[in-house]
Amino acid sequence: MGSNTRKRRTPLAVKVTAASAALALGGGGLIWANFYASAHEANNGGKWGGNSTKAAAAQVATISCPDVGQKLTNVPNQARKDVDGELANLDRQITEAYQRLATTRDAQTRDASFVQNTILQPLKERRQNILDRIKLEITRVGGTAPGDLDTLANCTGTPASQTTPGGQQGDGQQGGQDNGGQQQGGGQDQNGQQGDQQGGQDQNGGQQQGGDGQQGNIGGQAGNGPVAADFVDITKVQPNVKAKPRNNRNASRGTFTTRCGVNANKNHNTDNVIVAPGVKNGAHHLHDYVGNQKIDAFASNDTFLQGGSSCQNKNDLSSYYWPVVRVQDGSQDFDQNNDGGGKEGNVGKILTPVQAQIKYVGSPTGKVVAMPQFLRIITGDAKTTTNGLANANAHWSCTGFENKVQLTEQYPICPQGSKVVRTFAFQSCWDGQNTDSANHRTHVAFADANGNCQNGFKAIPQLTMRLVYNITPPTLENGQVKNAYAVDGFPEQLHKAATDHDDFISITQGNLANKIANCVNRGQNCS
């Protein structure tokens, strides 16, 4: 499919301020655009960065497109490649619609119907053509397309007065230290007060300054976040980590640690072979890769075994990859002018973790079965700003605080001598049959509050990851954040902490998958 892209989200409008423009990339999503009463503009920083001044902001609008991919949960295997290609075409259409919005500001101010007549209606017609082809591909191989697929063609424009802030309501806890908890949970608004206190007035007044010091954007060195409200002094957050489920007499109490390095050799790309196989720049943000060294959009089960590994145990050819963290201090990195990097709002110096711990742990309620070869798991959701928190699984904390505070919707400001920590706890229940699913989620699940797998799913070793970073603490002054750090992401997601996510493909040889399961089941601590 060449350079087509494929990503998905459901519509949830998020407030942005006047000088922001964030590109939505996905089968459904938000397109952010800006409309100005005056044509007076100076921009020396290219598409996403640099200094800019605007004389007056008349309106900020979003276009919301329904999420097509989330509806396609039962696509037959024979049709998935073609359907994935059509989802990539939907992404491309949204990209083109954004570009139209971003380059017709004067026309929009002169004609109130311009967006509807020249952007939304043609977009609907093009989307309908793609939806028709998706239905054809599914039915051609004997599948049944969702009956309401046609209703997903229409995208709507939303004036600024009707948009609402997103990702600012505080942070619930989703798990504890080390293995990140045994289940997924939504935010509980436990830290909303801190977020409001430090967020200043950028959400409603359009006065938030970004990393470049210019007024009128939505923060960040590229003008698409983060903002002050995305950070909180962790010493001021009440403890929110719940106790883990108790181990019963049949618990699998062991651990297996694999040492795969911190990506010191800078193995990066902006692909995502799980969600967008065969699509270059399918992630639209940069990943760190450890473990398998030959993972890109065009890798396959047939080629995974030839990839080599950064792990000390060379039988571990699994791929562990996550979006990079950058510090937005005015610096640039190698991809400043690249797709997935500066061209798409991911700017600043890329930080390499100082520690990367990868550990498999057991189930508190029973024994585990070995992971199947080529099992794919995504944990978290890169699109929580527009999808909501249903699939969020971000955990941010600081060394010395991990047993007390885990943040989902804010980044921590750590005290002197403390380091920033990202932890992930992957789904630990498997359907026993599939190594992937059409939406890349339904073949695996989280255990329930007591640690049990439901619906006939089997417990597998739970993959947990802990990434530690040396980061100079950002400072908050007059409602502004300076020297912010943020996880890479889709530009319309505004670099929110809740969008953090992690990807994994289980690839082993030498009977390693069984050795991991046996170690965990026997209560041993292996590596």
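Two strands count as paired here if DSSP finds at least two bridges between them. With that in hand, welcome to this predicted model, a protein with eight helices and 26 strands. Buried residues account for 60% of its 527 residues. Sequence-distant contacts are plentiful: of those between residues at least 6 apart in sequence, 75% link residues at least 24 apart. The protein exposes about 19900 Å², and 44% of that comes from carbon and sulfur atoms.

**The sheet E19-E18-E20**

- Strands of a sheet pair through backbone hydrogen bonds, and the pairing is either parallel or antiparallel.
- One open sheet has three strands in the order E19-E18-E20, and its pairing is antiparallel.
- Its edge strands are E19 (444–445) and E20 (458–459), each of which pairs on one side only.
- Strand E18 (residues 429–430) is joined to E19 by two bridges, and these strands run antiparallel. The pair meets the cut-off given at the start, which asks for at least two bridges.
- Within this pairing, Cys-429 of the sheet stands opposite Ala-445 in E19.

**The sheet E12-E11-E24**

- A further open sheet of three strands follows the order E12-E11-E24, again with antiparallel pairing.
- Strands E12 (349–351) and E24 (484–487) stand at the edges with a single partner strand each, so one side of each has no neighbour in the sheet.
- From one strand to the next, the twist averages 35°.
- Strand E11 (residues 325–328) and E24 run antiparallel and are joined by four bridges. In E24, Val-487 is the bridge partner of Val-325.
- Although E24 is an edge strand, both of its faces are covered. Ala-484 and Ala-486 are buried on one side, and Tyr-485 and Val-487 are buried on the other.

**Helix H8 and what surrounds it**

- Helix H8 (residues 512–521) has seven of its 10 residues buried, so the rest of the structure largely encloses it.
- The buried residues in H8 are Leu-512, Ala-513, Ile-516, Ala-517, Cys-519, Val-520 and Asn-521.
- Their cover includes three strands: E7 (255–258), E13 (355–361) and E26 (525–526).
- Just after H8 comes Gly-523, which takes a positive phi of about 80°.

**Asn-315, a loop residue with distant contacts**

- Asn-315 is found in the loop between helix H6 (301–304) and strand E10 (319–323).
- Asn-315 has a relative accessible area of 26%. Buried would need a value under 20% and exposed one over 50%, so Asn-315 counts as partly exposed.
- Setting aside neighbours within four places in sequence, Asn-315 is in contact with Ile-507, Thr-508, Gln-509, Gly-510 and Leu-512. Among these, Leu-512 is also one of the buried residues of H8.
- Asn-315 and Gly-510 are 195 residues apart in sequence, yet their C-alpha atoms are 6.0 Å apart in space.

**The largest pocket**

- Rolling a probe the size of a water molecule over the atoms shows where empty space is left.
- The largest pocket holds about 620 Å³ of space.
- It is lined by 25 residues, and those closest to its centre are Arg-80, Lys-81, Asp-84, Val-273 and Pro-277.
- Helix H1 (residues 77–102) supplies the largest share of this lining, with eight residues.

Terms used:
Residues numbered from 1 in each chain as written. Predicted model: local features only at pLDDT ≥ 70, side-chain atom pairs only at ≥ 80, totals over all residues. Heavy atoms only, no water. Buried < 20%, exposed > 50% of the residue type's maximum accessible area, 1.4 Å probe, protein only. Contact = heavy atoms within 4.5 Å. Areas by Shrake-Rupley, 256 points an atom, 1.4 Å probe, with all protein chains shown as cover. Axes fitted to C-alpha atoms, helices over the stretch in contact; angles between N-to-C directions. 1 Å grid on protein atoms, 1.4 Å probe; cavity = no way out; pocket = protein on both sides within 12 Å on 5 of 7 lines; lining within 4 Å. Points joined across faces, edges and corners; volume = space filled by probe spheres on them.
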